[in-house]
Amino acid sequence: MSLPNCPKCQSAYTYEDGELLVCPECAHEWQEGEEQAEAQSIIKDANGNVLQDGDSVTVIKDLKIKGSSSVVKVGTKVKTIRLVPDASDGHDIDCKIEGIGQMKLKSEFVKKA
């Protein structure tokens with residue numbers, strides 16, 4: 001049976017301690033399957049930076065607004081975003097854009113400001 005690498009430091013030297021898995025290099029402890037849930041809930045921008053609730057982001061591509069002739073222009077700064085990690089449609093950022101209103105964005109079209 002092969003144990004998974006440490007989700008924190010990627011060390012291959014993990015071992016079992018009761019119900020927990022332990023990394024001897026960084027002392028991180030977790031339960032089996034927990035590392036996959038952590039990895040799925042991490043949302044990154046187009047450059048690979050981890051996003052958090054309350055961050056400000058900048059749009060990196062002109063985005064057409066569905067059902068409207070409006071466009072969110074490149075360089076538009078969006079303040080205080082809220083992350084939606086389990087978004088089935090891929091729109092994992094909930095925000096309010098000045099002049100447009102409430103919207104959902106995909107993290108692949110923004111960069112952390």
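This passage describes the strand pairing, the nonpolar core, the largest pocket and selected loop residues of a predicted model.

Because the model is predicted, local features were taken only where pLDDT is at least 70 and side-chain atom pairs only at pLDDT 80 or more, whereas totals for chains, interfaces and linings use all residues. Residues are numbered from 1 along each chain as its sequence is written, and side-chain values use heavy atoms, with hydrogens and water left out.

Strands of a sheet pair through backbone hydrogen bonds, in either a parallel or an antiparallel sense. In the following, strands are DSSP runs of E with at least two residues, numbered from the N terminus, and two strands are taken to pair if DSSP finds at least two bridges between them. Strand 9 (93-97) pairs with strand 10 (101-105) in the antiparallel sense over five bridges. Within this pairing, Asp94 stands opposite Lys104 of strand 10, and Ile93 has Leu105 of strand 10 as its bridge partner. The hairpin made by strand 9 and strand 10 has three residues between the strands, and in it Gly99 takes a positive phi near 90°. Strand 9 is also joined by two bridges to strand 8 (residues 82-83), again with the strands running antiparallel, and here Leu83 stands opposite Ile93. Ile93 is thus placed opposite Leu83 of strand 8 and is bridged to Leu105 of strand 10. Four of the five residues of strand 9 are buried (under 20% relative accessible area, computed with a 1.4 Å probe on protein chains only), so strand 9 is largely enclosed by the rest of the structure.

A further open sheet consists of three strands in the order 7-4-11, with antiparallel pairing. Its edge strands, each of which pairs on one side only, are strand 7 (77-78) and strand 11 (110-112). Strand 4 (57-59) is joined to strand 7 by two bridges, and Val57 stands opposite Val78 of strand 7.

The largest nonpolar core, where a core is a set of buried Ala, Val, Leu, Ile, Met, Phe, Trp, Tyr and Cys residues joined through side-chain atoms within 4.5 Å, has 16 residues. Those with the most contacts inside this core are Leu51, Val78, Ile81, Ile93, Cys95 and Leu105. Strand 4, strand 9 and strand 10 are the elements that give two or more residues to the core, and the largest share, three residues, comes from strand 9. When neighbours within four places in sequence are left aside, Leu105 is in contact (heavy atoms within 4.5 Å) with Leu63, Val78, Gly90, His91, Asp92, Ile93, Cys95 and Val110.

Leu105 also belongs to the lining of the largest pocket, together with Leu63, Lys64, Ile65, Lys66, His91, Met103, Lys104, Lys106 and Phe109. On a 1 Å grid over the protein atoms alone, a pocket is an open set of points where a 1.4 Å probe fits, with protein on both sides within 12 Å along at least five of seven lines, and lining residues have an atom within 4 Å of a point. The space in this pocket is about 200 Å³, the volume being that filled by probe spheres set on the points, which are joined across faces, edges and corners. Strand 5 (63-64) and strand 10 each give two or more residues to the lining, and the largest share, three residues, comes from strand 10. By residue class, the lining divides into five nonpolar, one polar and four charged residues, where Ala, Val, Leu, Ile, Met, Phe, Trp, Tyr, Cys and Pro count as nonpolar, Asp, Glu, Lys and Arg as charged, and the others, Gly among them, as polar.

Lys61 lies in the loop between strand 4 and strand 5 and is partly exposed (between 20% and 50%) at 43% relative accessibility. Not counting residues up to four places away in sequence, Lys61 touches Val72, Val74 and Phe109; the C-alpha atoms of Lys61 and Val74 are 4.9 Å apart, although the two residues are 13 apart in sequence.

Most residues other than glycine have a negative phi. Gln10, in the segment before strand 1 (15-17), nevertheless has a positive phi of about 65°, and counts as exposed (over 50%) at 52% relative accessibility. Ala27 likewise has a positive phi of about 65°; it is found in the loop between strand 2 (20-22) and strand 3 (29-31) and is exposed, with a relative accessible area of 57%. His28 lies in the loop between strand 2 and strand 3 but is buried, at 15%, and its contacts beyond four places in sequence are Cys6, Pro7, Lys8, Leu21, Val22 and Cys23.
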